[in-house]
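Biologist: I should like to go through this structure term by term. Please set each value against its definition before drawing a conclusion.

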Amino acid sequence: MPHPIRAGIGGWNYEPWRETFYPPEVKKAGELAYASRQVTAIEINSTFYRGQSEATFAKWAEETPEGFRFTVKAHRATTIRKTVEDMRSSVGMFIGGGVTALGEKLGAINWQFPETRKFDAAYFGAFCSCLPPEHKGVRLRHAIEVRNDTFRNEAFTDLMRQHGCAVVFADDPDWPMPDIETADFAYARLQQTRSELETGYTPAELDAWAKTLKGWAKTREVFAFFIAGAKERNPAAARALIERVGRPG
């Protein structure tokens, strides 16, 4: 049996979506409940900039349907530390800050590194060693997002496999990153939606992405998010992709 494919968007509060995604009767307070029933996963972006309380994470989990998944971007401070002690402290503060209140709806954590960070085996080995496999009984899966050509080498791939971390695939014109199978899940960020297309990508492009993701799903669970690009089109792109790949059973 193929693994689940979950497709979605980044966040759920975006003012242009009041015109292109949310029906008039959906109030601000009901946006997550609505969005989580239109797409099958959402990447929480706000956590990259500020912390959220355990109660907030629990509330988000309660508002979403069974089978839905969140992924969470770790705070940006976690991926700029220089010493192992600082890495461990920063990672621990984020993990212990309430994210596991999402429970089984926590799909993965995205640790996004700045484009200035180049590959250094000792540095990334130390960082990945600070990533716990679980916290408070909740399994944690980790995705590493890098944006520098120095990561296109076997040493990085081997390191990610050693630690069971996924490498974030980026369909990004500025920082493209290929799919590399290093974990039991794949994490894709699709960033080239176009405003002149109702679904962001052409039907042929969406067909091609559906075929690609189904291929990945033969061996891994898949998370795919329409991020950036023409953001006002991202929900329509996600729904169009879900029509092609289906919803997890």
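Biologist: At what angle do the axes of α4 and α5 cross, and how close do they come?

Modeller: The axes of α4 and α5 cross at roughly 35 degrees and come within 9 Å. Axes are lines fitted to C-alpha atoms, for helices over the stretch in contact, and angles run from 0 to 180 degrees between N-to-C directions. The crossing is right-handed; by definition, the near helix is turned clockwise from the far one by less than a right angle, whereas anticlockwise would be left-handed.

Biologist: Which residues make the contact, and how do they divide into nonpolar, polar and charged?

Modeller: Val84, Met87 and Val91 of α4 meet Tyr123, Ala126 and Phe127 of α5, where contact means heavy atoms within 4.5 Å. These residues divide into 6 nonpolar, no polar and no charged. Ala, Val, Leu, Ile, Met, Phe, Trp, Tyr, Cys and Pro count as nonpolar, Asp, Glu, Lys and Arg as charged, and the others, Gly among them, as polar. An α-helix has 3.6 residues a turn, so residues three or four places apart point the same way.

Biologist: What kind of model is this, and which residues and atoms enter the values?

Modeller: The model is predicted: local features need pLDDT of at least 70 and side-chain atom pairs pLDDT 80 or more, while totals for chains, interfaces and linings use all residues. Residues are numbered from 1 along each chain as its sequence is written, and side-chain values use heavy atoms, with hydrogens and water left out.

Biologist: What covers the buried residues of α5, and which residues are these?

Modeller: Tyr123, Phe124, Gly125, Ala126, Phe127 and Cys128 are buried in α5, which runs over residues 121-129. Their cover includes α4 (84-95), β4 (106-112), β7 (142-145) and α6 (154-163). Helices (H or I, at least four residues) and strands (E, at least two) are DSSP runs, numbered from the N terminus. At the start of α5, a side-chain oxygen of Asp120 reaches to within 3.0 Å of the backbone nitrogen of Ala122.

Biologist: Why is Ala41 called buried?

Modeller: Buried means under 20% relative accessible area, exposed over 50% and partly exposed in between (1.4 Å probe, protein chains only). Ala41 has 0% relative accessibility, and therefore counts as buried. Ala41 lies in strand β2 (residues 41-44). Beyond its neighbours within four places in sequence, its contacts include Arg6, Ile9, Phe68 and Phe223.

Biologist: Why does Ser46 count as buried?

Modeller: Its relative accessible area is 19%, so Ser46 is buried. Ser46 is in the loop between β2 and α3.

Biologist: What makes the approach of Ser46 to Gln52 a polar contact?

Modeller: A polar contact is a pair of N or O atoms within 3.5 Å; within protein, one must be able to donate a hydrogen and the other to accept it, and residues adjacent in sequence count only if both atoms are side-chain atoms. The side chains of Ser46 and Gln52 are joined at 3.4 Å. The side chain of Thr47 reaches the backbone oxygen of Lys73 at 2.6 Å.

Biologist: How do you know that the chain agrees with a compact globule?

Modeller: The radius of gyration is taken over C-alpha atoms, and the globule rule is 2.2 Å times the number of residues to the power 0.38. For 249 residues a compact globule would have a value near 18 Å; the protein chain has 17 Å, which therefore agrees. Of these residues, 52% count as buried.
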